[in-house]
Structure formats: C-alpha cells, structure tokens
Amino acid sequence: MSGSLAARDLSVRYETPHGSVYALRHVDIEAHPGEVIGIVGESGCGKSTLVTALANLLPANARIDGSISYNGVDLAKLDAHRQRLLRGDEIALVSQDPMTAFNPVLTIGDQLVDFQHHRKDLGRAQKRARIAAMLGRVGIADAERRMDCYPHELSGGMRQRVAIAAALLTDPGLLIADEPTTALDVTMEAQIIHLLRELRREYNGIVIVVSHHLGVIAELCDRVYVMYAGEVVEDGEVDAIFHDARHPYTQALLACDPARFQERLDRLPTIPGSLPNLTQPPSGCVYAPRCDRAFAPCGSVVPPRVKLSASHIARCHAVTP
Amino acid sequence: MSPLLAIDDLSVTFARSGLLSRLINPFPLPSFNVIDGVTLSLMPGETLGLVGESGSGKTTLARTILGLVRAAAGRIVFEGRDVQTTADFRAMRRRSAMMFQDPVASLSPRLRIGTLLTEPQVIQGLPMPDRRAAAKALLALVGLPASFVDRFPHELSGGQARRVGVARALAMKPHLLLADEPTAGLDVSVQGDVLNLIGELKRELGFAAMIVTHNLAMIRHVSDRLAIMYLGRLVETGPTQDVFSEPMHPYTATLIQSEPIPDPRRRSQNPAVTGEIPSVFRRPSGCEFHTRCPIARDRCKTEAPTYRPMGADRMVRCHFPLVTGGQEREAFSRASANQKGKLT
C-alpha cells in the first residue's frame with residue numbers, strides 16, 4: 001500500500017523554559033508515490049523537525065498546528081496505537097548515524113527479525129529468508145554470514161546498507177532518509193547514492209531525502225524544498241531549483257557551495273549575518289535581515305507565494321513570475 | 001629557499017600490545033604501520049592540503065609532526081633543525097600550532113574565552129603584561145567582538161568556536177599552522193567564512209599551513225599543493241590545480257569522481273570504485289589500492305609500486321599512472337564508465 005503525503009500549513013513549536021521556539025512555520029509539503037523529495041537547508045532550518053513531525057516522533061514538548069495527511073488519513077487525529085502501527089508498517093526512517101541505529105549487543109539478523117514483528121503471518125525462518133534476500137538487494141555479499149555479525153563488526157558503509165535494508169523490510173509507503181551519507185567517506189557516499197537510485201526503480205513509495213549537501217540532493221531527488229529558519233522559501237523540480245533558483249536565499253546557498261567552482265577562488269562566497277532567533281521570529285520575511293535585495297515590505301509583511309511555474313514556488317517580495 | 005618543514009621516510013607504528021591481548025595470545029603479533037614511509041615538505045608561506053578518507057592516517061600524520069604521537073622511524077626537520085627529543089618538540093610547538101577537529105570539544109568548558117585564548121602564552125612562559133588586552137587583540141584579529149572574553153565556550157555558535165580556535169592557534173604567532181578538518185560540521189555559508197579568515201591571516205602574518213581534510217571541493221580553493229593519503233602512505237602529491245585537472249593515481253581520480261556535483265544535469269552513472277577501504281591490519285599485498293582499483297593488473301597484486309617523480313613537482317605511487325593521452329587513462333575512464341565529464 002502506498003499513498004500520497006501532504007502537510008498543510010504545518011507549524012511546530014517547542015515549549016521550553018525560555019519561551020516557545022517556533023521551529024517550523026506554515027510549511028506546505030506534498031509527495032506522491034514514486035517521487036524522491038529532497039529537503040535541503042543549513043543547520044537550524046527545521047529540516048529535522050519537519051521529518052520528525054512527518055514520522056510522528058516529535059518530543060512531548062512539541063505543539064503541532066496544521067495537518068499532516070497520509071493516504072487521506074490525518075495523522076494527528078489517530079490514537080497512539082494506530083500511529084505506532086503506521087510507523088512500523090508504512091513509514092520507515094534511515095538515520096544519519098548507522099552505528100546508533102542498531103543495538104550493539106544483538107546481531108544484525110536478530111534485530112532485523114524484530115523489525116518485522118508486525119508480520120504475524122511469517123515464521124522466524126521465513127523472516128530470516130526475507131532478510132537475506134533484502135541484504136543481497138542492498139549489495140551485501142555473503143548475507144547469511146553477515147546476519148550473524150554484530151553492528152560493530154561492519155564498516156560504516158555496510159551499516160548504512162543494513163539500515164536501508166531494515167527500512168525496506170517493512171515495505172514502507174514512505175521512506176525518510178535523514179542525511180543518509182553524511183557519516184560516510186566520499187567513495188562510500190557515491191556507492192550509497194548509487195544504491196538508493198537503483199532501489200527506487202523497484203520501489204514505488206515516497207522517498208524523502210534530507211540533506212545539507214547540495215550534491216547529494218542534486219544526485220537523488222526529483223523535487224526539492226529549500227528551507228531556511230523554519231520555513232520553506234522555495235520549492236520546485238530539481239532542475240528548476242539548481243538552474244533557475246529565484247529566491248535570494250536559494251541563490252546564495254547555491255553560490256556558497258565550493259563544489260560548483262572548478263577554478264580556484266581567492267575568497268569563498270559566504271552568507272553574511274546569522275539565523276534569526278526563533279523564539280521571536282521576524283514578522284515579515286524570515287530571510288530579510290540577511291538579504292541583499294530586501295526592500296520596504298520585507299521587514300513587516302509576510303512574503304507571498306509567487307508561482308513561477310506549475311511546480312515552482314518562491315516565497316519572496318522581490319520575485320515576479 | 002629551504003623548506004619550513006621536511007618529513008623524511010616517517011613511519012608510525014601502533015602495536016597491539018595490551019596486557020589482555022598478551023595473556024590471550026602469548027605470541028606477539030606483528031605491529032602495524034599506521035603511517036608508512038611518508039616523505040613530504042612544506043615551504044614557508046605555503047598551504048598544503050592533506051587529503052584522505054577516514055583511516056588513511058592523515059590526522060595521525062599531523063599529530064606526529066607536532067610530537068603528539070611518537071614516530072617509529074624517519075626524520076622531522078623543522079626550520080632546518082632535526083626534531084627528535086621531547087625538548088625539540090616543545091621548542092617546535094612554540095612556533096607551530098594545531099587546530100583540533102572539534103572546536104567546542106577542544107575548548108575547556110569551564111574556562112572563559114579570554115583565559116582560553118591566552119593559555120598558550122602562559123604555558124610557554126611568555127611575559128604578558130595585560131592578559132585581558134591580549135585576549136581582546138586576538139578576538140579582534142579573527143573578527144569577534146571584545147565582549148567575548150567573558151563568554152564560555154557553550155555560548156558560541158559552531159562558526160564562532162572555530163574563530164576562537166583560529167585565534168588561539170595564532171596566539172603564539174606560529175610559523176606553521178596545522179588545521180585538522182577546519183570546516184567539519186560547519187554549514188557551507190559559514191565554512192567559507194572560516195577559510196577566508198585563515199587565508200587573510202596567512203597573507204597578513206605569513207605562516208605556512210597544512211590543512212587535513214576529506215573535503216575535496218573545499219581544499220581545491222584554499223591549498224597550493226595537495227598530498228593524497230591511502231592506508232598510511234602518500235599515493236600522490238602535486239600542485240592543486242594539476243592534481244585536479246590531471247589526477248595520475250587511480251585513487252585520486254576516484255576521489256575526484258566520487259564527489260557529488262551540485263547539478264542535476266550532470267548526475268553520475270556508476271560509482272568509480274566499489275568495495276571498502278581495507279584495514280591497515282591487513283594491508284593488501286603489492287599496491288594497497290589494487291583491491292579497489294578499476295585498472296589493476298597482475299603486477300599490482302604482487303609488486304609494490306615505488307613513490308616516484310612524474311613531471312614537475314609531482315610524485316605518484318603507481319605502476320600505471322593515468323597520464324593524459326595514455327592508455328591507462330582511457331582504460332580508467334572506460335572502467336569507471338562515469339559520465340560526469342570530469343575526466344577527459
């Protein structure tokens with residue numbers, strides 16, 4: 001089973017002793033089966049809060065406004081038990097650090113059997129057979145023997161492959177990969193990117209890739225959401241974002257990536273200024289204090305959603321269609 | 001001009017010699033060369049990028065240069081003088097500085113920034129009439145407000161902590177700065193800030209720098225020369241531009257190809273290499289890269305290549321270097337079938 005995912009006007013704030021932190025504000029996200037969605041932004045942009053909200057794993061001090069619907073069902077209205085069933089069955093998460101994702105004192109095989117606990121129709125032997133097949137699919141040679149390994153006996157790249165296999169075992173409709181290659185070396189990163197791209201040919205659910213690395217997003221995604229300080233500032237097809245970015249923040253972020261320049265630069269481009277304090281988010285455009293194109297309304301009026309094409313939207317006063 | 005720092009045939013050995021392992025296994029195991037025969041030099045004012053993946057020994061090499069790890073063999077010559085004894089290293093550390101990888105962890109959480117910045121002078125026993133003023137001058141040097149002297153490390157952002165790290169490293173006016181992953185964990189918009197700062201101060205103060213990193217996209221813009229490490233050995237050195245435009249060692253070419261390009265129109269087709277980095281505990285025979293090299297031949301499996309000069313200021317450790325127009329380069333492009341258009 002796989003269905004579409006939609007977040008409408010989603011806001012998340014954390015209640016802390018120092019006041020509310022408005023970590024996510026008025027975010028609209030849409031994803032359809034078979035799509036790979038990229039969420040890109042720097043630290044503090046709210047990308048982790050967003051995916052944690054989608055996976056329904058926010059901490060107790062988080063308050064959610066707006067709606068998240070998956071396959072037509074509003075996730076917020078489900079009771080805890082139904083939410084849990086959905087997480088195990090439909091939503092899977094591949095986390096950044098493959099070492100901490102596993103229990104160090106159980107073998108890989110035992111843990112992957114446990115991950116299938118909701119499959120009451122399968123016996124242990126059948127579950128192990130599924131694991132072996134899945135490990136083979138993610139490129140682990142000698143899967144039967146690897147199942148008896150403990151997590152520390154595998155290299156970082158191998159562990160990330162096992163984490164992807166674990167996520168796919170539940171046959172999820174929504175696979176969230178949070179910084180899937182950040183902890184890996186570049187040659188291993190290339191292999192995991194290749195693996196994810198291969199897998200999507202046979203997998204027809206939604207994949208959400210969260211990364212701060214523009215290269216990873218460009219390699220993997222169909223559509224991209226660019227986030228800054230808790231808001232989506234621009235979204236569109238991957239080609240439009242990388243070749244026709246219109247929001248000043250997207251343009252600045254792309255310009256900062258040293259991987260875009262083949263010739264040596266004497267000064268690397270930067271974005272001057274710092275993130276706004278999210279306990280008191282600015283009333284106008286959130287990027288205005290750092291924007292070189294800011295003018296009168298940016299400081300006080302929330303920027304409009306400017307539709308640049310059927311799928312390309314920028315939230316900025318200075319952008320015209 | 002004589003080099004500021006010359007390393008000759010340096011090796012570092014980590015022995016597996018814990019009490020427990022000796023009890024379990026009475027036969028002593030062979031020790032492992034974590035750094036093996038590294039020869040490298042750094043000219044005054046030069047920036048060298050030391051590049052490698054995790055486990056390649058790049059951090060160990062930087063630590064060995066400053067005497068934080070003991071070398072098993074080889075020579076280190078700093079400013080024309082042999083560095084061997086603890087006293088030699090102590091004297092050398094007065095004119096060199098290290099920026100450690102984790103900027104917040106390398107600042108003691110209970111000391112204020114002002115104290116942390118002036119610690120090097122205190123440790124080296126240098127006279128300092130006004131400690132506060134000295135700290136403020138250092139903060140000004142790296143573009144931080146003077147009010148930071150009273151802050152604690154946890155009150156700083158990642159980029160600010162990095163700046164404090166730069167200020168502290170430069171407190172002794174070193175001739176050599178060793179920076180271990182100076183941009184790890186920083187956002188792209190901030191990483192340029194730190195690198196620009198190091199570049200500016202380098203021009204102003206004239207120190208030489210060795211930047212240890214795995215980030216090729218970044219090092220391309222800040223280094224004059226590159227040294228590529230694999231399993232504790234240098235596989236290639238040369239001027240940065242030349243290494244990027246014409247990588248001669250298949251490993252270097254692989255690293256450059258593996259870097260994802262932020263352009264959806266130039267997606268990679270196939271990973272250039274497969275497999276994992278072998279462990280130094282089980283160093284492959286012959287050329288250590290042969291297990292993953294797309295153009296390895298029989299000779300590579302048995303005979304270790306020598307580290308030999310290839311053209312002006314280039315050194316390569318490979319039997320079949322990828323020379324432009326040569327058949328090895330063609331074979332490499334074919335084998336990796338990578339259509340990024342980076343290697344032509």
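**Exercise 1. Find which residue of strand 8 of chain A is the bridge partner of A:Ile37, then place the pair in its sheet.**

Step 1. A:Ile37 has A:Ile208, in strand 8 of chain A, as its bridge partner. Helices here (H or I, at least four residues) and strands (E, at least two) are DSSP runs, numbered from the N terminus. Before going on, note that this is a predicted model: local features need pLDDT of at least 70, side-chain atom pairs count only at pLDDT 80 or more, and totals for chains, interfaces and linings use all residues. Residues are numbered from 1 along each chain as its sequence is written, while chains are lettered from A and ligands numbered from 1 in the order in which they are written.

Step 2. Zoom out to the strands: strand 3 (36-40) and strand 8 (206-211) of chain A pair in the parallel sense over 5 bridges. Two strands pair if DSSP finds at least two bridges between them.

Step 3. Now take in the sheet, which is open, has 8 strands in the order 6-7-8-3-9-10-12-11 (chain A) and shows mixed pairing. Strand 6 (91-94) and strand 11 (305-309) of chain A are its edges, each pairing on one side only. From one strand to the next, the twist averages 20 degrees.

Step 4. Add the helices. Helix 1 (47-54) of chain A packs on the sheet, touching strand 3, strand 7 (174-178), strand 8 and strand 9 (223-228), and its direction makes about 155 degrees with that of strand 7 of chain A. Helix 6 (156-169) of chain A packs on the sheet too, touching strand 6 and strand 7, at about 175 degrees to the direction of strand 6 of chain A. Axes are lines fitted to C-alpha atoms, for helices over the stretch in contact, and angles run from 0 to 180 degrees between N-to-C directions. Contact means that the C-beta atoms of two residues, placed from the backbone, lie within 7 Å.

**Exercise 2. Work out how helix 4 and helix 5 of chain B cross.**

Step 1. The axes of helix 4 (113-123) and helix 5 (131-141) of chain B come within 9 Å and cross at roughly 90 degrees. That's why helix 4 of chain B counts as roughly perpendicular to helix 5 of chain B (the class covers 65 to 115 degrees; under 35 is roughly parallel, over 145 roughly antiparallel, the rest oblique).

Step 2. List who meets whom: B:Gly114, B:Leu117 and B:Thr118 of helix 4 meet residues of helix 5 of chain B including B:Ala134 and B:Leu138.

Step 3. Check burial in helix 4 of chain B: B:Ile113, B:Gly114, B:Leu116, B:Leu117 and B:Thr118 are buried (20 or more other C-beta atoms within 10 Å of a residue's own; exposed is 12 or fewer, partly exposed in between, with C-beta atoms placed from the backbone). The buried residues of this helix pack against helix 5 and helix 6 (158-170) of chain B.

**Exercise 3. Decide whether B:Val194 is buried or exposed.**

Step 1. Locate B:Val194 in helix 7 (188-205) of chain B.

Step 2. B:Val194 counts as buried because it has 24 C-beta neighbours inside 10 Å.

Step 3. Leaving out residues up to four places away in sequence, B:Val194 touches B:Gly159, B:Arg162, B:Arg163, B:Pro182, B:Thr183 and B:Leu186.

**Exercise 4. Find which helix gives the largest share of the side of chain A that touches chain B.**

Step 1. Start with the totals: 36 residues of chain A are in contact with 33 residues of chain B.

Step 2. Helix 7 of chain A gives the largest share, 7 residues.
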